[in-house]
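Dear colleague,

Please find the sequence and structure below. My notes on the model follow directly after.

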Protein chains: 2
Amino acid sequence: MSKTLTTTPREDGYRMPAEWEPHVGAWMLWPERSDNWRNGALPAQRAFAKVAEAINRGEPVTVCVSPGQYVLAREKLASEIRLVEMSSNDSWIRDCGPTFVVNDAGEVRGIDWQFNAWGGLLGGLYFPWDQDDLVGEKVIEMERVERYAPDIILEGGSIDVDGEGTLIATEECLLNSNRNPEKTKEEIERYLKDYLNLETIIWLEKGVYGDETDGHTDNFCRFVAPGKVILTWTEDRDDPQYDISEAAFERLQEARDAKGRALEVHRIRQPDPVLITAEEAAGVDRFPGTLPRRKGDRLAASYVNFYIGNGVVVMPSFDDPQDVVAQDEIRQIFPDREVIAVPGREILLGGGNIHCITQQEPLGRRSAQIRGSGVTQLAS
Amino acid sequence: MSKTLTTTPREDGYRMPAEWEPHVGAWMLWPERSDNWRNGALPAQRAFAKVAEAINRGEPVTVCVSPGQYVLAREKLASEIRLVEMSSNDSWIRDCGPTFVVNDAGEVRGIDWQFNAWGGLLGGLYFPWDQDDLVGEKVIEMERVERYAPDIILEGGSIDVDGEGTLIATEECLLNSNRNPEKTKEEIERYLKDYLNLETIIWLEKGVYGDETDGHTDNFCRFVAPGKVILTWTEDRDDPQYDISEAAFERLQEARDAKGRALEVHRIRQPDPVLITAEEAAGVDRFPGTLPRRKGDRLAASYVNFYIGNGVVVMPSFDDPQDVVAQDEIRQIFPDREVIAVPGREILLGGGNIHCITQQEPLGRRSAQIRGSGVTQLAS
């Protein structure tokens with residue numbers, strides 16, 4: 001087993017890099033559950049395969065798949081995509097997967113957070129979540145890196161960092177009584193600072209309206225460069241999103257990052273509300289304990305839910321006139337990367353989007369002592 | 001997916017190394033099926049864990065385990081053992097796993113043979129074997145090496161090489177009509193020579209008496225050095241093994257290896273016949289299509305079924321007076337390695353022994369192009 005450390009990354013000189021720093025690759029989980037994904041998950045699988053291909057233009061992608069789907073997934077994924085067997089309860093590796101940290105020597109370690117399906121028995125999205133909770137450990141072990149295992153429930157999508165000591169999170173999620181009710185805000189901040197090596201936490205109140213993750217910041221407000229954030233936005237004062245984004249904008253304007261910088265806030269207009277159609281709702285199996293997908297329910301559509309990969313930004317499109325505007329803006333924000341839009345509706349129907357279904361692994365120096373042979377294996 | 005090559009290792013300058021050449025690590029599969037392993041496989045799991053620990057003294061061991069056993073296996077394996085999820089039908093990675101080949105530059109590739117559970121519907125040992133047949137592909141993909149996929153059924157335990165162009169196999173297995181009935185002996189030789197890069201094949205007639213693999217050579221006769229083989233033996237003329245070993249000895253004495261050398265044949269006396277007890281038989285579930293384990297059946301006990309690892313030889317013991325004699329002989333044959341005896345009865349009850357449940361991966365230089373980042377990942 002990967003060695004489990006009882007120290008913290010902060011003590012050991014490790015930090016979570018920003019997503020725009022170089023990656024060794026990306027991880028994804030294959031969708032299959034018919035009580036969350038319509039039509040036996042086939043439309044979602046096609047969307048996931050497109051996301052994998054887009055990211056794979058810049059870095060190797062590994063898709064983890066349950067035993068029963070292995071051969072089927074192999075047929076549906078581009079041949080360059082690496083496939084490994086790994087069970088999960090659903091396919092949100094951003095949230096149930098590990099967070100990788102690096103030190104100045106480029107060594108990589110993994111944080112294996114606890115996971116309770118976005119709220120456990122108090123508003124969690126399905127039951128059980130035992131296989132999801134093993135994903136972090138399994139990925140870390142496959143990568144032969146050392147492991148931190150903090151006793152805190154945390155999803156990767158609920159946090160966003162600039163790689164220079166600053167984190168953004170929402171109170172709606174991290175301080176929700178369905179995550180870590182026994183911990184105070186100060187204790188949660190201590191975990192974040194110790195495990196991600198931070199100086200400053202910028203708290204926003206809420207995330208995207210209707211987001212079933214309890215307002216993950218990765219769908220709402222994210223760093224795009226040191227000192228610069230992107231925030232989902234609407235100009236429709238009657239939209240419940242208006243006040244949420246407005247309040248966040250105010251806090252962001254007052255905030256200073258770990259380096260003392262004021263933040264440049266780029267507001268990006270959301271698409272028109274995306275509602276589940278009758279046909280879409282009818283394609284999802286009902287299952288006790290799983291959040292139902294009902295006709296007319298509004299989905300938390302946001303352009304902010306993109307993946308920043310080596311040489312690419314992979315962002316969702318919604319068949320909305322705003323799509324091309326958002327793509328132009330992202331292109332201006334990331335002038336050195338190819339911006340690839342992938343239709344995100346089928347992913348969104350499952351409760352998240354491109355960032356939620358991906359997890360980057362930073363480039364670094366991995367070492368595995370080959371015992372007894374006197375040989376050290378290094379990959380840089 | 002790992003790139004699948006349509007050339008052969010011989011054309012590409014790759015060969016199968018001898019087992020005593022340096023390894024990057026060893027692979028195993030976790031036993032669990034109650035219709036082959038007694039008492040819910042718990043005694044076998046303890047034996048497998050001991051084998052893993054012994055090999056791990058010299059090289060990293062990865063144990064592949066099905067989803068349902070993951071957490072249980074983690075508890076039973078030493079913490080240094082790496083555990084990855086991988087389904088299988090049983091636990092004989094020597095036979096269903098890949099054969100790795102290397103070139104002079106130290107690059108590694110994998111051969112993904114076809115597998116039919118030692119005979120398919122004509123005397124195979126269980127049904128189905130679909131997950132076993134995926135093990136080679138999955139290991140190769142996990143290792144990010146390129147893949148050969150010859151259309152021939154072949155088990156790793158049915159062959160043994162000296163790494164210098166010579167292979168030993170038995171006619172009982174490789175020419176059995178339940179393996180590749182559509183192929184002639186000459187065609188099978190061509191596959192072996194092309195994929196393992198050989199000049200000379202030494203055919204023995206049969207393997208160990210009663211071996212349900214149809215006489216795998218890895219339980220009977222193996223190279224221990226260039227020009228030197230070990231052969232299981234008995235002095236009891238009434239034992240059906242006597243004539244088999246005698247006939248093999250004659251062929252070995254006549255044989256010349258790829259370098260033109262005569263072979264030094266080291267005969268190692270087998271333990272007394274090992275019979276399944278009533279208690280052992282009663283501990284195994286009966287299941288249609290799976291070879292039953294009956295009281296009084298003789299098991300194919302052999303000291304030859306050892307694993308040659310970095311710095312170690314891990315061999316079975318049978319609670320037999322011959323154990324210490326065999327261990328002394330193996331020590332003399334491998335003076336530079338630690339010889340570790342692990343009780344092999346619980347493994348043997350499942351139909352094989354230490355060599356059958358292990359698969360070495362040779363040390364070499366692995367390269368995986370990180371696309372788009374201009375970075376090449378190398379491990380040496």
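The notes below take up confidence, then chain A, then one helix of chain B.

This is a predicted model, in which local features need pLDDT of at least 70 and side-chain atom pairs count only at pLDDT 80 or more, while totals for chains, interfaces and linings use all residues. Residues are numbered from 1 along each chain as its sequence is written, and chains are lettered from A and ligands numbered from 1 in the order in which they are written.

The model has an ipTM of 0.92 and a pTM of 0.94. The average pLDDT (the predictor's confidence in each residue, from 0 to 100) is 95 for chain A, with 96% of the residues at 70 or above. In residues 367-380 of chain A, however, the pLDDT is below 50.

Chain A contains 11 helices and 22 strands (DSSP runs numbered from the N terminus: H or I of at least four residues for helices, E of at least two for strands). Its C-alpha trace spans about 65 × 50 × 45 Å along the principal axes. Of the 380 residues in chain A, 53% are buried, meaning that 20 or more other C-beta atoms, placed from the backbone, lie within 10 Å of the residue's own.

In chain B, helix α5 covers residues 130-142. Because 10 of its 13 residues are buried, α5(B) is largely enclosed by the rest of the structure; among the buried residues are B:Leu134, B:Val135 and B:Ile140. Just after α5(B), B:Arg144 adopts a positive phi of about 55°.

With kind regards

How values were computed: Contact = placed C-beta atoms within 7 Å. Expected span 1.5 Å × (residues − 1). Buried ≥ 20, exposed ≤ 12 C-beta atoms within 10 Å, placed from the backbone.
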